Amino acid sequence: MISVFDMFKIGIGPSSSHTVGPMKAGKQFISRLQQQGLFEQTDELRAELFGSLGQTGKGHGTGKAVILGLMGEDPETVDTDSIDKILSQVEQLQLLPLANDKSVKFTREQGITFHRRKTLPAHANAMTLYALQHGELISERTYYSVGGGFILDEDEIQAKNASPATPMKKAPFDFDTAAELVQLCNDNGLSIAALMMANETSQQPEATVRTQLWQIWQTMKQCVDKGCKKEGILPGGLKLRRRAPALQRRLKAESKHNVDPLNTMDWVNLFAMAVNEQNAAGERVVTAPTNGAAGIIPAVLCYYDTFVEKVDEDTCCSFLLTAAAIGILYKKNASISGAEVGCQGEVGVACSMAAAALTEIMGGTVSHVENAAEIGMEHNLGLTCDPVGGLVQVPCIERNAMGAVKAINASRLALRGDGNHKVSLDKVIKTMMDTGKDMRSKYKETAKGGLAVNIVEC
């Protein structure tokens, strides 16, 4: 069983697979050197990035992530305000500071190689790290960033039934499919959130689970608040201006006399774009279930908090636990990697998770929740991942706004029905994976197709 805290992780932007995963891989590689007794002998480090990491890694911040990871930084705790200074020093000195006041060579020419035409067969997001002594290779390891900040090393990805998550031991309600999840809930008289809580509390005290879930929600809210205040141009070269602050000022000014019945939609758009502008700038976000789709779940919960009822601890827990249950189904049976299945695996999955979670806290039955999740994905099938300039900006920021609004509508459609529907969630998950396999590689986070080639960079 995968934990809710595997599906929601506090980290930094702009990409869970291109930033969070590689940072974790870098840190893991250094730990491995220490375990092998090779850390002290190492006097140089190098990295090679393959597939999507090589093709769009520069725009997605993969290089900085590798450097930070090798230095021992963690996505959840790294000081985002100090990153630029750290990278500047590494670039200038061509030295990488490691633990125990040790520094190793890390050159501009060979420190990081971005392979734009090489792909490793096991996964589209691959990286190989090398440790050298006096120019001779003493250790190497290949890692795969499989979406949502999850990583597998070269042995794990070859193993049958390998999971990048830390599996729960003896969880009382293990499920692999939506049908099993619904059946377990019905047989035991539980909501999806209650079932997930039972699994979580089999591993740690309920008070700890609730505190950690509340922290995730607070981090989401802080990201929205900061994104609504921070002005300026997003990094990367597209010269894209942040839109959230101006939109918030306009909505506040209109609030006293606005009679537009769709005004709520404007606020949902604001919440989502504020998060993803923060993500694009490399700021602190919650991976939910990826960074590219990090704005959808916060936007939908902010919608409830603003226009339905204030979110308390119970509501927060129910929402996030339900969303995680749906995300687990996609993680187990399909993919949440844009490089593997396109943006349907990121925005589509987040939309499905948010639709289900909103339905849960709006009082829907287990059948309503499953129906909402199915609607949320069914109408994202085939969504491509074609970031302009390899940046998580166009169309990613607006796409989160669209995904959040779609999630709310999916929930409303489900709640207006009786829970019965022709297409099951399991069928739509299988269809999403099949569609991703059939999708041409240029539409899967390579910046070689779609908007990425039809929009002139300026």
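The questions below concern a helix pair, a strand hairpin and one alanine in a predicted model.

Q: Why is helix H13 called oblique to helix H18?
A: The axes of H13 (residues 313-333) and H18 (residues 425-438) come within 10 Å and cross at roughly 45°. Angles under 35 degrees count as roughly parallel and 65 to 115 as roughly perpendicular, with the rest between them taken as oblique, and therefore H13 is oblique to H18. The crossing in which H13 passes H18 is right-handed.

Q: What makes up the contact of H13 with H18, by nonpolar, polar and charged residues?
A: From H13, Ile326, Leu329, Tyr330 and Asn333 meet Leu425, Val428, Ile429, Met432 and Met433 of H18. These residues divide into 8 nonpolar, 1 polar and no charged.

Q: Why is Ala356 counted as buried or exposed?
A: Buried means under 20% relative accessible area, and Ala356 has 0% relative accessibility, so Ala356 counts as buried. This residue lies in helix H15 (residues 347-361) and, leaving aside its neighbours within four places in sequence, is in contact with Thr322, Ile326, Val369, Ala372 and Ala373. Ile326 is also one of the H13 residues that meet H18.

Q: How do you know that strands S7 and S8 pair?
A: Pairing requires at least two bridges between two strands, and S7 (residues 136-147) and S8 have 4 bridges in the antiparallel sense. Gly147 stands opposite Phe150 in S8. The two strands form a hairpin with 2 residues between them, and Gly148 in the turn has a positive phi of about 70°.

Q: Which way do the residues of S8 point?
A: Phe150 and Leu152 point one way from S8 (residues 150-153), whereas Ile151 and Asp153 point the other way, and all are buried.

Terms used:
Residues are numbered from 1 along each chain as its sequence is written. This is a predicted model: local features need pLDDT of at least 70, side-chain atom pairs count only at pLDDT 80 or more; totals for chains, interfaces and linings use all residues. Side-chain values use heavy atoms; hydrogens and water are left out. Axes are lines fitted to C-alpha atoms, for helices over the stretch in contact, and angles run from 0 to 180 degrees between N-to-C directions. Angles under 35 degrees count as roughly parallel, over 145 as roughly antiparallel, 65 to 115 as roughly perpendicular and the rest as oblique. A crossing is left-handed if the near helix is turned anticlockwise from the far one by less than a right angle, and right-handed if clockwise. Contact means heavy atoms within 4.5 Å. Ala, Val, Leu, Ile, Met, Phe, Trp, Tyr, Cys and Pro count as nonpolar, Asp, Glu, Lys and Arg as charged, and the others, Gly among them, as polar. Buried means under 20% relative accessible area, exposed over 50%, partly exposed in between (1.4 Å probe, protein chains only).
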